[in-house]
Amino acid sequence: MVPVRLTGPRLAVREYHLTEGDVDALHALFGDPEVTRHLPFGPSGREDCADQIELYLEEAMAEERDTYRLAVTRLADAEEPADATPIGQASLTLDGHRAAQLGCVLARGAWGRGYAGETVGLLCDFAFGALDLHRLAARVAVDNAASVKVLTGLGFRLEGRLRHDAFKDGVWSDSYLYALLADEWPGAGTRGRTTG
């Protein structure tokens, strides 16, 4: 495995570690009903979060990696990002030829600070640079105005509404589908690329 490590002005995106700190941080994130309100699953227990990190590490070790579920940390929280407590999760799931689904979720205490935009920007740089992807897509619950604002602010375009796209707690709900192409991302043509 070549560990992923992305660094922005205030944030770092790194691989998860199977440590008490990372498990506690994931549980603080996915155990919060307000955070999981727009996710396809409800609040998770601590054991489930430990199991998830084990899965993330298995996915990272795959010979042909197609899933990146990464911890988001603040640079100010530790001298080394690997030592910082995660405040969120960023994800890329490869989907078809040079395409991926993108996701980002942050702890409530990190909302409203521009961290989601920075995180998604780092994912776009990684996807269109090192991974040489052509298309990124993101599904957003129709009532998640904050995520819509982040995506549109970074140049993602609305492609449509997916009717009854999610089923949670006995209720169907719709999602918006947003996408961004490599040639729409600033500087995408000037970054070094690798094939894969």
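**Exercise 1. Determine which structural elements are tied together by the salt bridge between D165 and R139.**

Solution. Begin with the contact itself: in this predicted model, the side chains of D165 and R139 form a salt bridge with an N to O distance of 3.2 Å. Next, place each partner in its element: D165 belongs to strand β7 (residues 157-168), R139 belongs to strand β6 (residues 135-141), and the pair therefore ties together parts that are 26 residues apart in sequence. Finally, consider the surroundings of the acidic partner: D165 has a relative accessibility of 27% and counts as partly exposed, since buried would require a value under 20%.

**Exercise 2. Describe how E184 and R157 are paired, and state where in the chain the two residues lie.**

Solution. The side chains of E184 and R157 meet in a salt bridge at 3.5 Å, N to O. The pair links distant parts of the chain, with R157 in strand β7 and E184 in the segment after β8 (171-181), 27 residues apart. Turning to accessibility, E184 is partly exposed at 26%, whereas R157 is exposed, with a relative accessible area of 53%.

**Exercise 3. Decide whether the partners in the salt bridge between R14 and D22 are buried or exposed.**

Solution. First establish the pairing: R14 forms a salt bridge with D22, and their closest N and O atoms are 2.9 Å apart. Then take the accessibilities one at a time: R14 has a relative accessibility of 3% and counts as buried, and D22, at 4%, also counts as buried. To set this pair in context, the model holds 15 salt bridges, and E20, D24 and R46 are linked in a network of such bridges.

**Exercise 4. Identify the polar partners of the E15 side chain.**

Solution. Start with the location: E15 lies in strand β2 (residues 11-15), and this residue is buried, with a relative accessible area of 6%. One partner is a side chain, for E15 and R65 are joined by a polar contact of 2.8 Å between their side chains. Another partner belongs to the backbone, where the nitrogen of V4 lies 3.0 Å from a polar atom of the E15 side chain.

**Exercise 5. Check the length of helix α3 and assess how far it is enclosed.**

Solution. At 1.5 Å a residue, the 14 residues of α3 should span 20 Å, and the end C-alpha atoms are indeed 20 Å apart, which agrees. As to burial, eleven of the 14 residues are buried, so the helix is largely enclosed by the rest of the structure; among these buried residues are Y115, E118, L122, C124 and F128. Confidence can be added as a last step: among the elements of the chain, α3 (residues 115-128) has the highest mean pLDDT, 97, and β7 the lowest, 93.

**Exercise 6. Compare the settings of H164 and D169, two residues with positive phi.**

Solution. H164, which is not a glycine, has a phi near 45°, and D169, likewise not a glycine, has a phi of about 55°. H164 is placed in strand β7, while D169 lies in the loop between β7 and β8. H164 counts as partly exposed at 49% relative accessibility, whereas D169 is exposed at 71%.

**Exercise 7. Locate the stretch where pLDDT stays under 50.**

Solution. Consider the whole chain beforehand: its average pLDDT is 91, and 94% of the residues score at least 70. The stretch in question covers residues 189-196, for which the model has 17 contacts beyond four places in sequence.

Terms used:
Residues numbered from 1 in each chain as written. Predicted model: local features only at pLDDT ≥ 70, side-chain atom pairs only at ≥ 80, totals over all residues. Heavy atoms only, no water. Helix = DSSP H or I, 4+ residues; strand = E, 2+ residues; numbered from the N terminus. Buried < 20%, exposed > 50% of the residue type's maximum accessible area, 1.4 Å probe, protein only. Polar contact = N/O pair within 3.5 Å; in protein donor to acceptor, adjacent residues only side chain to side chain. Salt bridge = Lys/Arg side-chain N within 4 Å of Asp/Glu carboxyl O. pLDDT = per-residue confidence, 0-100. Contact = heavy atoms within 4.5 Å. Expected span 1.5 Å × (residues − 1).
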